[in-house]
Amino acid sequence: MESLVDGMKVMVKVFRRECSRVFHSERTTIHGADHMLMVLQLAMAEVNKKHGGEFKVALSDVLMAWKHLLLDKLHLPPPSFARLENYDLILETYKSFLRRSNTVDLVDIFSMYTQLRDVDNDPEEPISPVHLFEFLANSEVSPLPELSVPSTPSSQSKSRISQVKAAVRRVFCSYLTLLVNSKNDMALALSLDVPSRCLGRQAFTDIKHAAHKSNTSLFLAVTSFVRVLHLGGKGYAPAESDPLRQHVKGLSDFVHFLDNLEEILGEITDPSACGSKLVAAIRAALVKGRGSGDAVLAAADETTQELKERICQLHHIQKQNGANGGMIGISPARPKAYAINHATAIGGRDTVKVLMALLDEEALSPPCLNKADLLSEDQPVVSGGEANSFLALFRSPEVSTGASPEPLKNRIQSRRDLLKPKAKSGIIRSQFACTYKDEPLPLNRVLEFPSSSQVPTCRHPAPKGKIAAAVDEEERRSDAEEGNAALRAKPSSAHPKTERNPAPQGAALGQRSGNAPDRSASAGVRKQSKSHKRKLGDSEQHGGCENEPPQKKQPVKPGSKAQTRKKLIAGQGKLTSFFRV
């Protein structure tokens with residue numbers, strides 16, 4: 001195994017040294033065995049979707065296509081089983097993804113080695129195609145657990161911890177890959193929502209559509225949207241109907257975090273210190289808000305320590321090769337003299353070399369033995385949000401067509417909530433309360449408690465004026481009789497004024513208004529139907545009709561009882577006589 005890995009390192013070193021002869025970009029990244037399998041799964045799902053199926057693929061079909069792909073590219077005899085139906089289209093989709101992402105796989109490195117190697121210094125064939133096929137196709141599907149030997153919780157926890165550590169390491173390498181090759185769509189997909197930025201499947205689908213519309217990479221679609229939104233001004237801002245406007249906060253946080261990493265890369269000239277600070281910044285963002293017993297925190301701390309040590313070792317190796325006059329093998333494109341970030345690019349070139357060497361070693365790492373854990377959609381949650389696998393991110397979310405209704409239980413509960421009367425809070429209303437619009441009552445409340453407009457009324461009501469006049473006349477007559485009876489019962493000496501002037505008394509009684517109280521009546525008469533008399537008096541005052549305006553009160557005669565009751569205060573008579581003169 002060590003000789004195989006050393007042979008692959010020789011191939012990668014030659015590729016880094018001579019890649020400018022094959023590619024326009026010298027920052028092309030390499031996909032390892034696991035990433036190659038994930039890209040193949042994505043290509044097969046896209047082909048199935050185009051041919052009227054669903055955006056998914058069975059694990060057995062992926063493994064079959066995986067063996068066909070490796071044998072075809074390595075020019076080895078095909079396997080005994082037949083090819084898949086759309087294998088040619090799957091292969092074309094796979095190559096298109098690599099080309100669009102500015103990446104290559106290990107089989108491409110092996111194929112280009114013969115063309116790029118130096119005949120005098122480099123070996124003719126560091127590894128054989130058969131050995132490379134055995135290294136890449138090392139697959140194992142976890143068997144079903146036997147009933148007699150149940151799995152223990154300790155074994156399950158160990159396998160889960162290893163999955164979390166692998167996922168955390170992929171996130172670290174994805175962020176470092178974006179610093180080297182921003183066109184890598186897989187790196188962006190694995191790091192977009194880690195840590196959680198509320199950028200789930202819907203946000204990734206909107207980014208994918210924007211990138212397809214502008215024919216750019218996913219990272220360029222995100223950064224261009226954020227830059228134009230913040231720096232473009234009102235005339236260049238994206239339209240209000242742009243779907244990416246729903247995810248402005250999360251996309252801005254992602255771009256801002258990468259800007260901070262780019263700033264660290266350009267300011268610190270020492271590759272060891274710069275690489276350690278980059279890894280520490282990624283670790284701080286990943287473990288923010290996590291407890292001490294969290295599996296992600298433990299995996300992040302372990303990965304941070306390993307990457308820091310390896311970055312320092314690679315920097316030391318490159319310094320020794322440079323001191324001995326040997327070629328380092330990594331030559332990123334030198335910045336132009338007129339470039340805006342000329343100093344920043346010069347300051348980070350040595351660190352970029354170290355990062356590319358680190359990513360190349362990650363690509364040469366042995367593949368995952370259990371392909372089911374790698375390709376399954378049940379991935380460990382690293383971001384704190386929803387657990388989305390690489391394939392689930394590229395699958396567009398399902399749009400509700402309304403064909404399947406809501407469950408009956410939910411519909412009944414929602415209907416009950418709608419008909420349930422809402423308790424109104426005691427709000428102090430102003431003098432304009434009549435302009436407020438009250439909330440309508442539910443349907444059942446309206447049916448149980450009808451309003452006054454729904455109460456049945458008489459179609460031909462009796463006229464109010466005649467009835468009120470007749471009742472008032474009868475009241476006057478009874479009051480006069482009771483008053484005369486009271487005057488006859490008492491002696492004349494008790495009421496000298498009444499005996500001297502009997503006519504005014506009768507006149508006063510006859511002309512008594514509804515508002516003037518009758519003091520001559522007894523206590524029992526005053527208590528009798530007081531409210532009824534007031535209503536009749538009001539109706540008499542308004543002329544027997546409620547809607548007519550009130551009439552003026554009749555003037556009181558000078559000899560009436562109401563005038564005699566008015567008492568003058570001290571000095572009021574003199575002032576009145578003075579002003580009369």
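## Around helix H9 and its neighbours

Leu 244 sits in the loop that lies between H10 and helix H11 (248-267), and the model in which we find this residue is a predicted one. Although Leu 244 belongs to a loop, this residue is buried, because its relative accessible area is 3% and buried means under 20%. When the neighbours within four places in sequence are left aside, the residues in contact with Leu 244 are Asp 206, Ile 207, Ala 210, Phe 225 and Leu 251. Leu 244 can also be placed relative to Gln 202, since the two are 42 residues apart in sequence while their C-alpha atoms are 9.9 Å apart in space.

Helix H9 itself comes next. H9 consists of 14 residues, and the distance from its first C-alpha to its last is 20 Å, which is close to the 20 Å expected at 1.5 Å a residue. Directly after H9 comes Asn 215, a residue with a positive phi, near 60°. Which residues of H9 are buried? They are Ala 203, Phe 204, Thr 205, Asp 206, Ile 207 and Ala 211, and the buried residues of this helix pack against helix H8 (185-191), H10, H11 and H16.

One of these partners, H10, can be described in more detail. The axes of helix H9 (residues 201-214) and helix H10 (residues 218-231) come within 8 Å of each other and cross at roughly 95°, and therefore H9 is roughly perpendicular to H10. On the H9 side, Phe 204, Ile 207, Lys 208, Ala 210 and Ala 211 take part, and they meet Leu 218, Ala 221 and Val 222 in H10. Sorted by class, the residues in this contact of H9 with H10 are seven nonpolar, no polar and one charged.

Thr 205 is another residue of helix H9, and it is buried, with a relative accessible area of 4%. Apart from its neighbours within four places in sequence, Thr 205 is in contact with Leu 393, Arg 395, Ser 396 and Pro 397.

A residue from another helix offers a further example. Gln 163 is found in helix H7 (residues 153-180), and at 17% relative accessibility Gln 163 counts as buried, because the limit for that word is under 20%. Not counting residues up to four places away in sequence, Gln 163 touches Asp 373 and Pro 380.

Aromatic rings give another view of the fold. A pair of aromatic rings is described by the distance of the centres and the angle of the planes. How many aromatic pairs are there? The count comes to five aromatic pairs, and two of them are set out below.

| Aromatic pair | Arrangement | Centre to centre | Between the planes |
|---|---|---|---|
| Phe 97 and Phe 394 | edge-to-face | 6.5 Å | 70° |
| Tyr 175 and Phe 257 | edge-to-face | 5.2 Å | 75° |

The pair of Phe 97 and Phe 394 links distant parts of the chain, with Phe 97 in helix H4 (residues 87-100), Phe 394 in helix H16 (residues 390-394), and their positions 297 residues apart. Both Phe 97 and Phe 394 are buried. The pair of Tyr 175 and Phe 257 likewise links distant parts of the chain, in this case helix H7 for Tyr 175 and helix H11 for Phe 257, which are 82 residues apart; both Tyr 175 and Phe 257 are buried. Finally, Phe 97, Phe 204, Phe 390 and Phe 394 form one aromatic cluster, and Phe 204 is among the buried residues of H9.

Technical notes. Residues are numbered from 1 along each chain as its sequence is written. This is a predicted model: local features need pLDDT of at least 70, side-chain atom pairs count only at pLDDT 80 or more; totals for chains, interfaces and linings use all residues. Side-chain values use heavy atoms; hydrogens and water are left out. Axes are lines fitted to C-alpha atoms, for helices over the stretch in contact, and angles run from 0 to 180 degrees between N-to-C directions. Helices (H or I, at least four residues) and strands (E, at least two) are DSSP runs, numbered from the N terminus. Angles under 35 degrees count as roughly parallel, over 145 as roughly antiparallel, 65 to 115 as roughly perpendicular and the rest as oblique. Contact means heavy atoms within 4.5 Å. Ala, Val, Leu, Ile, Met, Phe, Trp, Tyr, Cys and Pro count as nonpolar, Asp, Glu, Lys and Arg as charged, and the others, Gly among them, as polar. Buried means under 20% relative accessible area, exposed over 50%, partly exposed in between (1.4 Å probe, protein chains only). Rings of Phe, Tyr and Trp (its six-membered ring) pair if their centres lie within 6.5 Å; planes under 30 degrees apart count as stacked, over 60 as edge-to-face and the rest as tilted. The expected span of a helix is 1.5 Å times one less than its number of residues.
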